Amino acid sequence: MRAIQTAKWMQINFLVTAFTRTSAWLDLSPRPSYRLTKRWSSKSSFGIPANLEEMEVGHSFQYESAVVIEKVSSRPPIFVLRNILSKDNCNTIIKSASNFEPGRTLLSKEASPYRKACYVAWLPNDEDSVQRSVANKCHTILMPHRIFNAERGVESLQVVRYDQQGEYVLHHDSNKRLLTVLYYLNGIGETWFPLADSHNGPDPRNREEALQYCMGKVPLQSGVLVSCEGRGVQVQQGDAVAFFNFFADMTADWRSIHAGMPASSTKWIANHWYHYVPFGFADQI
């Protein structure tokens with residue numbers, strides 16, 4: 001009888017040990033919490049962690065020594081990332097960009113009718129590059145529950161030069177771009193979100209409805225204006241604005257429609273767009 005009990009205990013100990021080792025190998029420890037609730041219950045944005053979603057507008061927190069994250073809108077969630085790039089970082093990106101082409105719409109070879117005096121270049125997120133480093137940093141701040149993937153999780157850095165009065169009229173960052181981070185590289189430029197925290201009606205279901213809701217709205221009176229020109233939410237060279245573009249059910253949040261306002265002089269900005277990459281699928285850098 002004692003031999004049978006001993007054998008059972010040995011079997012139990014073996015299973016416990018095996019499970020412990022397997023758990024360590026699979027990394028079953030809980031990840032930072034975040035909500036992906038249904039669109040019709042809480043209007044959560046896809047990919048936003050709970051601590052940022054619950055953060056009140058006007059509140060901020062410090063990340064590292066100089067970087068400050070401030071929430072400027074709740075619907076859609078919009079954040080200003082202050083000092084996310086140094087002046088040297090900005091100048092490096094500008095000098096590295098080459099082979100500029102007229103700004104185009106996605107999947108089109110024609111110049112975009114929505115852009116004026118706009119020229120675009122792309123910088124790959126190469127290892128040890130400024131753009132790779134800042135892409136990783138923004139990911140850590142804004143999407144900490146996902147493993148950073150430089151190949152599949154974020155597009156190459158888009159560097160954009162606008163001539164004086166160049167602009168990008170109201171548009172939505174579609175193509176499943178869950179998160180946009182827009183960097184101000186030379187301290188020139190304004191980005192306006194006319195429906196941010198100011199539209200009390202039903203959520204626009206498409207571009208046409210969004211544009212209809214925007215009719216009659218002007219910067220500083222409606223929505224959120226992020227500006228290097230001393231107006232609205234003020235930013236400067238090296239700052240960025242980040243915003244989420246989709247609801248939890250992966251339908252577009254048209255409240256994130258925005259415009260690049262006419263440039264007061266030559267304007268340099270850059271964009272990183274983040275995509276959803278499931279755990280277990282190309283999760284390693």
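**Note on the cores and aromatic contacts of a predicted model**

1. Setting aside neighbours within four places in sequence, Leu185 contacts Leu85, Cys90, Ile93, Ile94, Val159, Gln237, Trp268, Ile269 and Ala270. These contacts should be read with the understanding that the model is predicted.

2. Leu185 is also prominent in the largest nonpolar core, which comprises 36 residues: together with Ile84, Leu142 and Tyr183, Leu185 touches the most other members. Helix α5 (residues 130-142) supplies the largest share of this core, namely five residues. A second core, separate from that one, has 21 residues, among them Tyr168, Cys228, Val235 and Val241.

3. Three aromatic pairs are found in a search of the whole structure. In one of them, the ring centres of Phe100 and Trp268 lie 5.7 Å apart and the planes meet at 80°; the pair is therefore edge-to-face, the angle being over 60 degrees. The two residues are 168 apart and join distant parts of the chain: Phe100 belongs to the loop between α4 (87-96) and β4 (101-102), whereas Trp268 belongs to strand β13 (residues 267-274).

4. The partners in this pair differ in burial class. Phe100 has a relative accessibility of 25% and counts as partly exposed, while Trp268, at 15%, is buried; the limit for buried is under 20%. Trp268 is also among the residues in contact with Leu185.

5. Trp122 and Trp273 form a tilted pair, because their ring centres are 6.4 Å apart and their planes stand at 45°. This pair too connects distant parts of the chain, with Trp122 in strand β5 (residues 115-123), Trp273 in strand β13, and their positions 151 residues apart. Trp122 is partly exposed, at 43% relative accessible area, whereas Trp273 is buried, at 4%.

6. Two charged side chains sit over aromatic rings. The charged end of Arg161 lies over the ring of Phe100, at 5.4 Å from the ring centre; Phe100 is the ring that pairs edge-to-face with Trp268. The charged end of Lys267 is placed over the ring of Tyr162, 4.5 Å from its centre.

7. For the protein chain as a whole, the secondary structure consists of six helices and 13 strands. Of its 285 residues, 46% count as buried. Among contacts between residues at least 6 apart in sequence, 75% join residues at least 24 apart. The chain exposes about 14700 Å², of which carbon and sulfur atoms supply 52%.

Terms used:
Residues numbered from 1 in each chain as written. Predicted model: local features only at pLDDT ≥ 70, side-chain atom pairs only at ≥ 80, totals over all residues. Heavy atoms only, no water. Core = buried A, V, L, I, M, F, W, Y, C linked by side-chain atoms within 4.5 Å. Buried < 20%, exposed > 50% of the residue type's maximum accessible area, 1.4 Å probe, protein only. Helix = DSSP H or I, 4+ residues; strand = E, 2+ residues; numbered from the N terminus. Contact = heavy atoms within 4.5 Å. Phe/Tyr/Trp six-rings, centres within 6.5 Å; stacked < 30°, edge-to-face > 60°. Lys NZ or Arg CZ within 6 Å of the ring centre and 35° of its normal. Areas by Shrake-Rupley, 256 points an atom, 1.4 Å probe, with all protein chains shown as cover.
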